[in-house]
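I am keeping these notes while I look through one structure. Each entry says what I looked up and what I found.

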Amino acid sequence: MLIANGTVIDTDPEPRVMIGTDVLVEDGTIAAVGRGLDAGDAEILDATGRIVLPGFVDTHRHVWQGVLRSVAADATLGDYLDLVLGRLTPVFRAEDVYAANLWGALEALDSGITTLCDWSHIQLTPAHTDAALDALRESGIRAVFAYAHPGPGDDSRREDEVRRIASPGPSGLVTPALAAWGPVYGSVEAAEADWRLARELGLRISLHATGTGAVERLHRHGLLGPDVMFVHGNGFTDEAMRLVADSGGTASVAPAVESQMGHGRPETGRFRAFGITTGLGVDTVTDTPGDMFALMRAAFAAERAGGGSLTAAEVLRMATAEGAAALGMDDLVGSLRPGGQADIVMLRAGDLGLAPVHDPIGAVVTAAGPANVDTVLVAGRVVKREGRLVGVDTRGALDLVSRSAERIAGAAGLPAPVAG
Ligand SMILES: [Zn+2]
């Protein structure tokens, strides 16, 4: 397939714009980027009037909360934990997880997120796990499925389930990983056992951590490393930042959630100043939007409000190539480098709100939105064309998630959703 004559933005090694440029896709991978490429009898995808860029990489998202959109708009982190983990989680059945994960993944794809890390702490039973995985596979998105034990307590650990999801290893578009409760929510002993297990199985680890002490504790127990991604990091000391940097660990900032729920100022600038590879994450749609455009703007605004000097190009890199690197996937996705996977997004540059495009990188970061996403490819397969998802039953997915939303709200004593 030849994506022809687009305004192409590559993100590696630094974001740059190429006008009137083609992208040649062969067997699901990017074969070449250049002007006037000879494509033989390849299918032509006309990108005239389109901004063409790598698919976005969401480094941290609880996809199962796709059914809980805006249930807690005013929540602080404490409120969120009480409501979502305390009251809502226990009422989820496996079929609710399927409906929610499918809806959440489709929403991400529709908005141009082609890779996400699903930090999935809804593993109440093995059937819940299978439901989450089935939905991710069905959606057509590229996913890291990060399994969290059913709870943070030592006796909630399910090593057998971690082994099950890790075998037979990466298959298709889904890669297994460990979503660790870590020493913030659980015990250091459980963390040690988790790290040992993940490293035995070759799984990357990600954990929520804020404030002081978590990184230092992991360091004292020899648990830091390049396979560990820290989510949030608000309030990390300089010493913690240095320890993460020295270990090769990475970071995922959720700028919208952190600003709104009161985690503290997003640490985007500090992570990057310490040389830590940093991606962006939606985290949850219970109180923030689920698309990368909103995240880019939240990161950009929060950093500069605090006096930081983040640029639009740096924000776009975090949303793509750097996010991929934070997940250890930069050899596969996040850029248009030949040999990488053809995960590509095309935006309609002539849309209201986006035209005129003086500066394509600036326009993507400051002006574009999900409504401008015309075409999305994952591994060379077109999953969205002319503004509509293809090959999936979105109407059926809506019916499923609507039924689940109503039942979950009822079971948890919340008002029923009014529409959808
Ligand atoms: Zn989270």
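**Entry 1: the two domains**

I looked up how far apart the domains sit in this predicted model. The C-alpha centres of domain 1 and domain 2 are 28 Å apart. Domain 1 consists of 2-54 + 342-388, and domain 2 covers 56-326. I then asked how many residues each domain gives to the contact. Domain 1 gives 21 residues and domain 2 gives 23 residues.

On the side of domain 1 that touches domain 2, I noted the elements that give two or more residues: α14 (360-366), β15 (373-378) and β16 (381-385). The largest share there, five residues, belongs to α14. I also sorted the residues on this side of domain 1 by type, and they come out as 13 nonpolar, four polar and four charged.

**Entry 2: the open sheet**

I traced an open sheet of eight strands. Its order is β6-β7-β8-β9-β10-β11-β12-β13, and the pairing is parallel. Which strands stand at the edges? They are β6 and β13 (278-280), and each has a single partner strand, so one side of each has no neighbour in the sheet. From one strand to the next, I noted an average twist of 25°.

**Entry 3: strand β7**

Next I took strand β7, residues 113-120. Is β7 largely enclosed or left open? I found eight of its eight residues buried, so the rest of the structure largely encloses this strand.

I checked the partners of β7 in turn. Strand β6 (residues 56-61) runs parallel to β7 and is joined to it by four bridges. In this pair, F56 is opposite I113 of β7. Strand β8 (residues 142-147) also runs parallel to β7, with six bridges between them. Between β7 and β8 I noted C117, whose bridge partner in β8 is V144. I also noted S120, which stands opposite Y147 in β8.

I followed the chain from β7 to β8 and found that it passes through helix α3 (residues 126-139). This β-α-β crossover is right-handed.

**Entry 4: helices on the sheet**

I looked at where α3 lies, and it is across β7, β8 and β9 (174-180). The angle between α3 and β8 is about 170°. I then turned to helix α11 (residues 292-305), which packs on the sheet. The strands touched by α11 are β6, β7, β12 (250-253) and β13. The direction of α11 makes about 125° with that of β13.

**Entry 5: S111**

I picked S111, a residue in the loop between α2 (94-110) and β7. Is S111 buried or exposed? It has 24 other C-beta atoms within 10 Å, and the cut-off for buried is 20 or more, so S111 counts as buried.

I then asked which residues S111 is in contact with, leaving aside its neighbours within four places in sequence. They are G290, D291, M292, P370 and V373. I looked further at P370, which is 259 residues from S111 along the chain. The C-alpha atoms of S111 and P370 are separated by 4.5 Å.

**Entry 6: strand β15**

I went back to β15 and found six of its six residues buried, so the rest of the structure largely encloses this strand too. Strand β14 (residues 344-348) pairs with β15 in the antiparallel sense, over four bridges. There, M346 has T375 of β15 as its bridge partner. The pairing of β15 with β16 is also antiparallel, over three bridges. In that pair, L377 is opposite V382 of β16. The hairpin of β15 and β16 has two residues between the strands, and A379 takes a positive phi near 50°.

**Entry 7: backbone details**

I looked for cis peptide bonds and noted two places. The bond from D12 to P13 is cis, with omega near 0°. P13 belongs to the loop between β1 (2-10) and β2 (16-26). The bond from A355 to P356 is cis as well, with omega near -10°, and P356 sits in the loop between β14 and α14.

I also looked up positive phi values in residues other than glycine. D27 has phi near 50° and lies in the loop between β2 and β3 (29-34). With 8 other C-beta atoms within 10 Å, D27 is exposed. E386 has a positive phi of about 50°, and its place is the loop between β16 and β17 (388-389). I counted 9 C-beta neighbours inside 10 Å for E386, so this residue is exposed.

Terms used: Residues numbered from 1 in each chain as written. Predicted model: local features only at pLDDT ≥ 70, side-chain atom pairs only at ≥ 80, totals over all residues. Domains from an automatic or database assignment. Contact = placed C-beta atoms within 7 Å. Nonpolar A, V, L, I, M, F, W, Y, C, P; charged D, E, K, R; others polar. Buried ≥ 20, exposed ≤ 12 C-beta atoms within 10 Å, placed from the backbone. Pairing = 2+ DSSP bridges. Right-handed = clockwise from strand over helix to strand, strands pointing away. Axes fitted to C-alpha atoms, helices over the stretch in contact; angles between N-to-C directions.
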